[in-house]
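Let's take a walk through a protein model and see how its pieces fit together. Keep the 3D view open and turn it as you read.

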Amino acid sequence: MKLTHLSITRRAFLAILLIGLAGCATNPNHVYLTWQGDPSTTMTVNFHSTEAASDLTLHYDTESRGGEPGAYRYAASGASRQIPGLKDERHIHHVEATELEPGATYHFVLADGSDVLTEELRFRPLPGGNAPLRFISGGDMAILPRSYQIARLAGSYDPMFALIGGDMAYADGKLKNAWMWDRWLDMWEEHMVTADGVMIPMVLAIGNHEVNKLEGPPEVRAPFYYGYFPQGGRSYFTLPLRDDTILIVLDSGHAVPHGGAQAEWLDEVLGASAGLRNTIAVYHAPLYPSHRDYEDGRAVEGRTHWLPIFDKHGLRVAFENHDHTFKRTKVLRGGAVAESGTVYLGDGSMGVNPRPVQERWYLEKASGTPHFWLCEIDDTGMRFRAISAAEDLLDDLTLN
């Protein structure tokens with residue numbers, strides 16, 4: 001069964017081409033979007049350059065201003081950083097726009113003083129309130145030919161954002177593998193843009209392939225995850241998606257442990273969300289694996305520290321990854337099939353080679369199929385469709 005595209009045509013990659021202006025000191029490379037604050041009223045624009053920026057400014061407006069910085073009504077200053085030890089000593093710049101109009105399309109350019117760094121590009125915050133949402137979710141991407149194929153397909157459905165549950169570029173947190181992130185960001189910039197030329201923001205959970213084996217704080221062990229992607233400075237955080245929906249991003253033992261401070265925080269966040277209709281979590285290593293052993297260490301840690309909290313507060317949906325399969329579990333609660341509880345969707349095969357599934361009591365559907373999830377939320381409920389790389393509909397789940 002083929003799933004009809006939500007958007008028939010796409011603009012070519014012209015909307016995200018960078019202008020290599022002569023005499024421009026910063027020589028920009030990569031422009032992409034993340035969130036540090038409320039996704040309906042903020043947007044963080046990120047870009048890389050070979051040189052430092054002395055007066056980095058984001059100029060933006062709800063109307064096109066033709067790329068002339070002085071014509072835009074709004075401006076925001078940015079911050080820059082470098083990752084110690086990175087061979088090319090690149091500068092990574094982040095500029096956050098705030099007090100945005102929910103759902104409005106913003107036109108923007110980046111400038112360093114009088115030097116214009118980019119063409120006029122576009123971003124769009126979430127619509128806010130309880131407006132309908134559409135986003136995609138997946139994990140374990142890499143930079144293989146299939147990764148590009150699935151990214152292209154996922155972008156063609158015009159999601160408002162993309163939720164990636166870890167193992168993005170497979171660089172293993174090693175500075176010598178920065179080229180892998182360059183390839184991954186190239187892929188994102190090319191394919192994660194809507195048919196009307198709006199860049200698609202990313203929300204990233206951390207996975208095992210973001211982390212190296214060095215000793216030190218999380219920023220040392222996962223230098224690209226923390227250095228490239230400002231998301232509030234931690235590997236676990238929340239984003240309000242609608243007035244009735246919250247997204248909880250978790251770290252399944254890669255930069256910080258499941259238990260301790262993270263589990264205490266999770267209990268507090270889910271407790272405070274008790275009145276919300278929809279609670280959604282995303283993380284990398286599954287509590288209910290479809291390929292790995294049920295007693296896999298991270299699965300046990302997740303079920304030990306998180307599962308009682310999920311059950312206590314009635315988490316509705318968890319996106320899991322890591323196993324390189326497609327899966328949907330039965331509704332689970334207390335380590336058993338239940339009438340009400342949590343559905344676990346996964347299992348991270350958005351580009352990497354798939355693996356065979358194992359028969360498990362908790363699996364409703366599963367196969368070794370590369371895919372992503374197309375997710376829609378409105379006042380009637382949540383709908384989750386698993387779409388294969390061949391654009392077959394693998395699953396269609398509605399939760400009212």
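## Strands, helices and empty space

Strand β9 (residues 133–138) and strand β21 (residues 371–378) run antiparallel and are joined by five bridges. If you want one pair to look for, find L133, which stands opposite I377 in β21. Keep in mind that what you're looking at is a predicted model.

Now zoom out a bit. β9 and β21 belong to an open sheet of six strands, and the order across it is β11-β10-β9-β21-β22-β23, with mixed pairing. At the edges sit β11 (202–204) and β23 (393–399), and each of these pairs on one side only. Going from one strand to the next, the twist averages 20°.

Which strands does helix α1 touch? Helix α1 (residues 145–155) packs on the sheet and touches β9, β21 and β22 (381–388). The direction of α1 makes about 20° with that of β21. A second helix, α2 (residues 178–191), lies across β10 (162–164) and β11, and α2 runs at about 140° to β11.

### A strand that is tucked away

Next, jump to strand β13 (residues 245–249). Are its residues buried or exposed? Five of the five are buried, so β13 is largely enclosed by the rest of the structure. "Buried" here means under 20% relative accessible area.

Have a look at where the side chains of this strand go. In a regular strand, side chains alternate between the two faces of the sheet. In β13, T245, L247 and V249 point one way, while I246 and I248 point the other way, and all of them are buried.

β13 has partners as well. Strand β12 (residues 237–242) pairs with β13 in the antiparallel sense over five bridges, and a hairpin of two residues joins β12 to β13. Here you can spot T238 standing opposite I248 in β13. Strand β14 (residues 278–282) is also joined to β13 by five bridges, but these two strands run parallel. For an example of that pairing, T245 has N278 in β14 as its bridge partner.

### The holes and hollows

So far we've followed the chain itself, but the gaps are worth a look too. Rolling a probe the size of a water molecule over the atoms shows where empty space is left. How many cavities of 30 Å³ or more are there? The count comes to two. The model also has pockets, and the table puts two of them beside the two cavities.

| Space | Volume | Residues closest to the centre |
|---|---|---|
| Largest cavity | about 40 Å³ | G138, E320, N321, G348 and W373 |
| Second largest cavity | about 40 Å³ | V31, W188, E189, M192 and M199 |
| Largest pocket | about 210 Å³ | I83, P84, E219, V220 and P223 |
| Second largest pocket | about 170 Å³ | R124, D158, P159, M160 and T194 |

Start with the largest cavity, because it takes us back to strands we've already met: β9, β19 (343–346) and β21 each supply at least two residues of its lining. By class, that lining has three nonpolar, eight polar and two charged residues.

The second largest cavity brings back helix α2. Both β1 (28–34) and α2 supply at least two residues each to the lining of this cavity, and β1 has the largest share, with three residues. What classes of residue make up the lining of the second largest cavity? There are nine nonpolar residues, no polar ones and one charged.

On to the pockets. The largest pocket is lined by 14 residues. Two elements, α3 (218–221) and α4 (223–228), give two or more residues to the lining of this pocket, and α4 gives the most, with three residues. Sorted by class, the lining of the largest pocket divides into seven nonpolar, four polar and three charged residues.

The second largest pocket is lined by 15 residues. Nine of them are nonpolar, two are polar and four are charged.

Notes
Residues numbered from 1 in each chain as written. Predicted model: local features only at pLDDT ≥ 70, side-chain atom pairs only at ≥ 80, totals over all residues. Heavy atoms only, no water. Pairing = 2+ DSSP bridges. Helix = DSSP H or I, 4+ residues; strand = E, 2+ residues; numbered from the N terminus. Axes fitted to C-alpha atoms, helices over the stretch in contact; angles between N-to-C directions. Contact = heavy atoms within 4.5 Å. 1 Å grid on protein atoms, 1.4 Å probe; cavity = no way out; pocket = protein on both sides within 12 Å on 5 of 7 lines; lining within 4 Å. Points joined across faces, edges and corners; volume = space filled by probe spheres on them. Nonpolar A, V, L, I, M, F, W, Y, C, P; charged D, E, K, R; others polar. Buried < 20%, exposed > 50% of the residue type's maximum accessible area, 1.4 Å probe, protein only.
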